[in-house]
Amino acid sequence: MNANQNYLFSITAVATLGGLLFGYDTAVISGAEKSLELFLIKPLGLTSLIHGITVSSALVGCILGGVLSGFFSDTIGRKKTLMVSSILFLVSAIGSGYPEMLFFERGIPSIELLLTFNFYRIVGGVGVGLASAISPTYISEIAPANIRGKLISFNQFAIIFGMLVVYFVNWGIAYGKDIEWINETGWRMMFISEAIPAALFLVLLLFVPETPRFLVMKNSNEKALGVLKKINTNDANARNIFNQIKESISRASTNKSVLSYGRKVIIIGVLLSVFQQFVGINVALYYAPRIFESMGLTKDASMLQTVIMGAVNVVFTVVAIFTVDMWGRKPLLILGSIGMAIGMFGIASLAFFNIIGMSTLFFIILYTASFMMSWGPVCWVLIAEIFPNKIRGQAVAIAVAFQWFSNYLISSTYPMMMEISGSATYGFYSVMAILSALFVWKMVPETKGKSLEEVEKIWG
């Protein structure tokens, strides 16, 4: 490999901090949601639907951030957009942990305070939406073709690692404490803890370069070639990549429409995003402690089970990292869909017969492990690489916006669906997993080993 591996991996590591914060921000709610229900929902006489909307409120911001990511990344660049997201994470962490700040008396629930809490969660969600689109895009635009899948998969590893870290943090904050302290103070500390990685992300971003493909789009050719020479130890190879990028950008310069390469590539990107969420993964992630408590576990034990589940998720994400560039994208996605379908069908069957125990834990782990070795990382790999250079910012924004809208729809309706029928709820996710396998088999192209410019030629 003609690449400066130390430099390449260091800037990839900084970019993946966006993924870590993505995971941290979306999973921190799992340890705090029951305390929030007792603090802000029940005292105000609000319904389970309002609770579901509050738990999922960050996803509104994620949708907005996804929509805005194309504008920001094409205007101020990939790097500066990530810096904006880090600032939003920082504001959200402090505001969510102490929503009374500036305007309200501490500990007094009100509709206004509930709205303020949701506002801060939405601010963090915008940060997540930006980072979820731009972190994999940034990595795809700096990575050599032969290891691009692996490097983008590190972003998913960072997402899952961020979830695992926050599971540990939540468990550590709650461990040995009485429930009154957790409901009064503990949940606040869970949110505020995110400020540490957010500040680190902002500082480290000051030391990474802009991507060469964005620099070429902005006619900063010398800077682009300089970045490519730092990434590639062979100057001739760097110049060859630079010429391919120039050709790609100039070829598309006459038509800037997001549909300039046809509708099919956009439809595939959108459906990848939709299926990644409709299989129900974030239900398992956001409501994990509640699911384990329904199995008869104590609060401490249920938090510990989420740590175990998070560790399993990390292990199987590593499986994807080491296989995505060998096996290819399609085989992993189809295999994962089959595993998820079996896992969710098992949970649905147990729910139908009202069987709750270790068998439920087995099927949950089978389901999440199948997702983490396939749709978790590989969906982001494909979204980051299937779109042509000229429309990548806009197209990724569309795909990510659909992803977060689907996430919000699935997550916010889960409590209400469970009140109707747990078996039917999990059965629905099983059917979606089967449909996702058929979609990949019929529509998704294999991109393993192709440069971004070669992938672009698939769409003519």
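This tour proposes a series of selections and states what is found at each.

The model is predicted, and local features are given for pLDDT of at least 70, side-chain atom pairs for pLDDT 80 or more, and totals for chains, interfaces and linings for all residues. Numbering runs from 1 along each chain as its sequence is written, and side-chain values use heavy atoms, without hydrogens or water.

**Stop 1: Ser57**

Select Ser57, in the loop between helix H3 (48-55) and helix H4 (58-75); helices are DSSP runs of H or I with at least four residues, numbered from the N terminus. Ser57 has a relative accessible area of 3% and is buried (under 20% relative accessible area, with a 1.4 Å probe and protein chains only). Next, add Asn118, Arg121 and Ile122, which Ser57 touches when residues up to four places away in sequence are not counted; contact means heavy atoms within 4.5 Å. The side chains of Ser57 and Asn118 are joined by a polar contact of 2.9 Å (a pair of N or O atoms within 3.5 Å; within protein, one able to donate a hydrogen and the other to accept it, with residues adjacent in sequence counted only if both atoms are side-chain atoms).

**Stop 2: Leu272 and the core**

Select Leu272, Trp375 and Phe387, which touch the most other members of the largest nonpolar core, a set of 130 residues. Such a core consists of buried Ala, Val, Leu, Ile, Met, Phe, Trp, Tyr and Cys residues joined through side-chain atoms within 4.5 Å. Beyond four places in sequence, the contacts of Leu272 include Leu333, Trp375, Cys379 and Phe439.

**Stop 3: Cys62 and Cys379**

Select Cys379, buried at 0% relative accessible area, and then Cys62, also buried, at 1%. The cysteine sulfur closest to that of Cys62 is in Cys379, and the two do not bond because 15 Å is too far. The whole structure has zero disulfides (pairs of cysteine sulfur atoms within 2.5 Å).

**Stop 4: Val312**

Select Val312 in helix H16 (residues 299-327). Val312 counts as buried, at 17% relative accessibility. Outside its neighbours within four places in sequence, Val312 is in contact with Ile365 and Ala369. Add Leu164 as well: Val312 and Leu164 are 148 residues apart in sequence, and their C-alpha atoms are 9.5 Å apart in space.

Notes: Helices (H or I, at least four residues) and strands (E, at least two) are DSSP runs, numbered from the N terminus. Buried means under 20% relative accessible area, exposed over 50%, partly exposed in between (1.4 Å probe, protein chains only).
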